[in-house]
Every structure is written in structure tokens, then in C-alpha cells.
Amino acid sequence: MIKLARSAGFCMGVKRALDIVLELSRTGGGPIYTDGPLIHNPQIIELLERKGIRSLAGRGAPSRGLIVIRAHGVSPERREALRRIGLPLHDATCPDVAKVQAIVNKYARRGYEIAIIGDRGHAEVEGLLGYSRGLGRVISGPEDVEALDRGAKVCVVAQTTQDVRLFQKLAENISARVSECVVCDTICRSTKERQREAIALARSVDAMVVVGGRNSANTARLVTICGETGVTVFHVESEKDCDALSLRHVNRVGVTAGASTPHWVIERVVERLGAILSLERRGATRCARLIGQGLIRTHLYTALAAVCLYMAACLFQAVPAQAPLALGLGACIICVHLAHRIAGRGLLSHGEETLTQEYYHDHRKSLSFLAVASGGLSLWIAARVHNVLFICYLALIVMGLYYSFEEKIGKCVRWNGGWSLRTVPASKDIFVATAWMVAIVLGPRLVAHAPWTFRATAACGYVFGLVFIRSIFHDLRTIHDDTIVGKETIPTLMGIRGTELILGGAMVGMCALVLASAIPMGLKIALAVPFAYSATYFALSRRRFAAGGVWCDALADGQFIMAGMSALIWSAAGQG
Ligand code: SF4
């Protein structure tokens, strides 16, 4: 089992700085220069450079564009120097760092010596020193405390990413040494949460894997902190380091990551660890895992899930399910989803994707063939059933292909000043949910020439709601990639907290729909089972039970399987 820390990856300040520069790059205004690398991660830096966002370090003063101060902040002198360049200056200093700067400024003005517990030479610490009016000094260990004058009055602050326990120990030493001491615990909430979670996780697993750059100070701190719990700790930079890890006899692995580790690096590590742990197990388990992965990656599993949802929708409408419709629907789903996966590499390139994305790239020829064959099969079946169904499936396939390949074919359709379907907020979530609703409820309904009923409306809401929830689950997992690539999903617009609220509201609303419909329409409360499943899955994912890559998608699709199973069992019991 792999448990992933919820706090793993970008912190609030890093995400905020990324959002600011990406927003500036969207609105134009020439090249964007950050005062030093925005994030200590070469892959992100390369991605940003492709968008015209580069570091000012090592360049002369630029003549056009704009300048952004990064999350670490700068000293007042440096800010003035940047201002003198004469280009628009934007401030992405993390609000938590800005608070420490204000504290240093306040106490330095009152004549206090400023003891900054942190790493000498670190950009944030250098910025803080700039606010200390020459009264600041860096404290990295007990020997620096010894150098303090006993009669001094001292204000103690911490670099925001400092080790909580080291800070407390050094602050106590300073308090005991000098005549007057004001201690300000300025370690940020994000760092405390990350460290607290890493310790709790380390105590509950057999081994910890910390993901992040070898030159990242906050990652190194996580390694030390986890090691102090007595658990075996491995520090890896990418999934390539995982093969050398000794994981024999290890059942539970905890994973956490530094504040500048991208999502896809963490996911690749989790996927690789999952594969290694299954290799350590017996042949049957390994075989089952490979078969499962094959079913999920070819979207045969998604097709099965769609058929299950179709059966549940039939139960909702009190109409019999038809085998040709189920088969055609499954084939249509395979075609559209495979096309989307094959096309969906966004700005990320080889080496920056998750292992699942890499799989679609490496097998694109055979998977493209499968997508075309599935599309052909679904249209052939639809044509044999009814012309209306053929038109319906054709429209879904064409629209699905357009959405997936819009970037490639979009140059000819961007008729409205670069307008693109992807720039419409939450377009993907709404588009996917609508497409499934059409394929599962509207198409079969039109074919049957059945009159429109309240049951049909409720079935539409049921299918739309379930698919919408699944889509948001997926968006939450890929929020970091989507932010960088510039996709307008609900989490990139509203943040994780806001999206979780929407998700909770959707689940409660859908449950209410089923329960409210159940009594007047004689429907089965069993149709609410998928929402109970989704709520459990949501709660478990918040509690760090990680399923890497494709397994996450499979678990999210599990709600459709649940819907179908509930419908089947209920019908088989003679009560449907
Ligand atoms: S580590 Fe904390 S203070 Fe530093 S950028 Fe991240 S959130 Fe801000």
C-alpha cells in the first residue's frame, strides 16, 4: 500500500507565484523576467521558458517586457534596483514571507538585533537581512548562538521553511543567552503542515520516500525529519531512482515531496513504487495487476463502466436495457476516450508526463488503431439500430475528436481572436457530462420514440451528476499540470477548497435527487449507492490513500460500476 501526503508538492506561495506569472503571460505585455528562478525545479523552468517566462539572473537589464519578484521576496535595495530598470514590476512575494519582512522591519526600527534562523545565502534569508537595517545575522546552528552578545536585545525569526524543532531549540538557546528576547515563530503554515504530516505518515509506514531535488533545502529537511522517527527514508529526485531502493519485506510506503516538486514527478514516483511493490509480490498478483492496467489503459474498463451506468439509467426510466445499444455505447466511449488520451499531452513533453501519459505516447499507433476500430464498430451498430442513433454517435465522436485535437486543428477555427473551447471555464467537465448524458439517455430515448417523462429528466440529471463528479475527481488530481498548461478546469478556477465544496454539494444534491424521486416514481434507493461510494472514495483520497495513475481513474469510474451492479442486483432480486 502507498500512502501519499496530501501536502506533497507545491505550497500555497509557489502556486500563487506560478498563477501570477501565468496570468501575466496570458494577458501579454512581452517577455516576463523573474528575479531569479521562480521555482527550484529545472522541468518547470523549462516549461515556463517555452511560455516566454525566464529568469533575470545572468542577463543584462532587459529593454522590454515586465519583471516579477518571486515568492522568496527581495530586500528593499534589490526592489529599488529592479524598479530602476524601468519596466513594470509585479510582486509575487508570498504573503507569509511578506509578514516576516514586516516583523524584521518593525523590530530593527526599534533597535533590536535580528536573529534569522535559516540557511545562509538562501534568497529569502538575504531578502530578510535587507530589512534589518544592518542589525541582522543568520543563525544556522548552536555555534552561531554563542556569538551573540549577552547584553543584546534580540528579535528571533525563522526562515519560513525552517525545521520546526530546530527553530524551537535554537530560539530557546538564544532566549537563555541574551538579556531581552522576542521570539516570532514565522515558519509558514504550509511548511508546518507538510512537516507535521510527514512525521505522522512516517510513523504509520514501513518506509518513507521523499521526492524532490537534491539541492532543495526543504526537501532535505523532510528527509531529516522523517529519519528522526526511526523509519527507513529514501530521498529520490524522480522515478528513475526508485529501482535502486530496497523495498523487500516492505508493505506500506509513505510518500511526501518538497514544496517545488511538480505533480507529475510525484505521480511518476507513486506509479513506479506501485509497480515495484507488485513485483515483490507473487506471480498471480502481478498478473492481475498487469491485466487490470491493460483494461484501464485501453479504456475497456471505462466502456464497461458506461454500460453499467446505462443499465442504471434504464432502471431509472423503467425501460429494458438493450444489448446492441450497450455494445455501441461501449465502443463509442473507447473511441472518444482513447483519442483524448492520445492527443492529451498539452505542453508537457516526454519526461515531464506521468508514466500513464508516457504509455499513450509510446503505444499511440496500436491505440490509434483500437480507437478507429471502436469508432467504426459503434457507428456500424448504431446504423443497424436506427439512423437517429447513428447521427447521435457520429456527433459525439466528431465533437470528442474536435475537443481532443482542437490545438492542432484549432488554428483554422479560431475565428474569434484566438477563442478556444478550452478557454471556456469548466468546459471539459460540462462537455464530458453532457456527452455521456446524450449517449446514455437521450440517444436511446430518441430511438425508442418514447414520450419524454419526468423519469427521463431525472435519469438525465442522474447521469450528468455522476459523470460531472467523476470529471472533477480527475481535475483535482491534475490541478498542477492544468495550471501550468493553462486549462480552465473548476479546480484551477476555484482552488482545491472551493472545488471540494462543489463536489460535496453535487454529491448531496444527487443523493437528494435520487431520494426525492424514489418515492413518487417508485424508484429504487439502491441508485444512491454510487454516491455513497463516491463520498467514501473522496474521504479516503483526502486521507492520503494513494492509487497511482490509472488506478485513480479506475476507482473514480467505480461509481458507474456500483450503479450498474445495484441495478442488476435489484432487478435480479425481482424487485426492479
Ligand atoms: S514555503 Fe511557505 S512561505 Fe515559502 S513560499 Fe511556500 S507558502 Fe510561502
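The following legends describe close-up views of a predicted model.

**View 1. An open sheet is formed by the strands S3, S2, S4 and S5.**
The four strands lie in the order S3-S2-S4-S5, and their pairing is parallel. Strand S3 (53-55) and strand S5 (89-91) are the edge strands, each of which pairs on one side only. From one strand to the next, the twist averages 30°.

**View 2. Strand S4 is joined by bridges to S2 and to S5.**
Strand S2 (residues 32-34) runs parallel to S4, and 3 bridges join the two. On this side, Ile32 stands opposite Leu66 in S4. Strand S4 (residues 66-69) is also joined to S5 by 3 bridges, and these two strands run parallel as well. Here Ile67 stands opposite Leu89 in S5, while Val68 stands opposite His90 in S5. In a regular strand, side chains alternate between the two faces of the sheet.

**View 3. A further open sheet is formed by the strands S7, S6, S8 and S9.**
Its 4 strands follow the order S7-S6-S8-S9 with parallel pairing. The edges are occupied by strand S7 (136-139) and strand S9 (180-183), each pairing on one side only. The twist in this sheet averages 25° from one strand to the next. Strand S8 (residues 153-158) and S9 run parallel and are joined by 4 bridges. Within this pair of strands, Cys155 has Val182 in S9 as its bridge partner.

**View 4. The ligand is surrounded by a shell of 14 residues.**
Those that come nearest to the ligand are Cys11, Gly13, Cys94, Thr160 and Cys188. Three helices, namely helix H1 (12-27), helix H4 (95-109) and helix H8 (189-203), each supply at least two residues of the shell. The largest share, 3 residues, comes from H1. By class, the shell around the ligand consists of 8 nonpolar residues, 5 polar residues and 1 charged residue.

**View 5. Helix H12 packs against helix H13.**
Two packed helices are described by the angle between their axes and the distance between the axes. For helix H12 (residues 300-317) and helix H13 (residues 323-343), the angle is about 140° and the axes are 8 Å apart. H12 and H13 are therefore oblique to each other. The crossing in which H12 passes H13 is right-handed. On the side of H12, the contact is made by Leu300, Thr302, Ala303, Leu304, Ala306, Val307 and Tyr310. On the side of H13, the contact is made by Ala326, Leu329, Gly330, Ile333, Ile334 and His337. The residues of the contact of H12 with H13 comprise 10 nonpolar and 3 polar, with no charged residues.

**View 6. Helix H13 also packs against helix H16.**
H13 and helix H16 (residues 387-404) meet at an angle of about 10°, and their axes are 9 Å apart. H13 and H16 are therefore roughly parallel to each other. From H13, the residues in contact are Gly328, Cys332, Cys335, Val336, Ala339, His340 and Ala343. These meet Tyr393, Leu396, Ile397, Gly400, Leu401 and Ser404 in H16. The contact of H13 with H16 has 9 nonpolar and 4 polar residues, and no charged residues.

**View 7. Helix H15 packs against helix H16.**
Helix H15 (residues 364-385) and H16 pack at an angle of about 155°, with a distance of 7 Å between their axes. Angles over 145 degrees count as roughly antiparallel, and H15 and H16 are therefore roughly antiparallel to each other. The contact brings Gly375, Ser378, Leu379, Ala382, Ala383 and Val385 of H15 against Leu389, Phe390, Tyr393, Leu394 and Ile397 of H16. Tyr393 and Ile397 of H16 thus appear in this contact and also in the contact with H13. By class, the residues of the contact of H15 with H16 are 9 nonpolar and 2 polar, with no charged residues.

Methods: Residues are numbered from 1 along each chain as its sequence is written. This is a predicted model: local features need pLDDT of at least 70, side-chain atom pairs count only at pLDDT 80 or more; totals for chains, interfaces and linings use all residues. Two strands pair if DSSP finds at least two bridges between them. Axes are lines fitted to C-alpha atoms, for helices over the stretch in contact, and angles run from 0 to 180 degrees between N-to-C directions. Angles under 35 degrees count as roughly parallel, over 145 as roughly antiparallel, 65 to 115 as roughly perpendicular and the rest as oblique. A crossing is left-handed if the near helix is turned anticlockwise from the far one by less than a right angle, and right-handed if clockwise. Two residues are in contact if their C-beta atoms, placed from the backbone, lie within 7 Å. Ala, Val, Leu, Ile, Met, Phe, Trp, Tyr, Cys and Pro count as nonpolar, Asp, Glu, Lys and Arg as charged, and the others, Gly among them, as polar. A residue is near a molecule or strand if its C-beta atom, placed from the backbone, lies within 6 Å of it.
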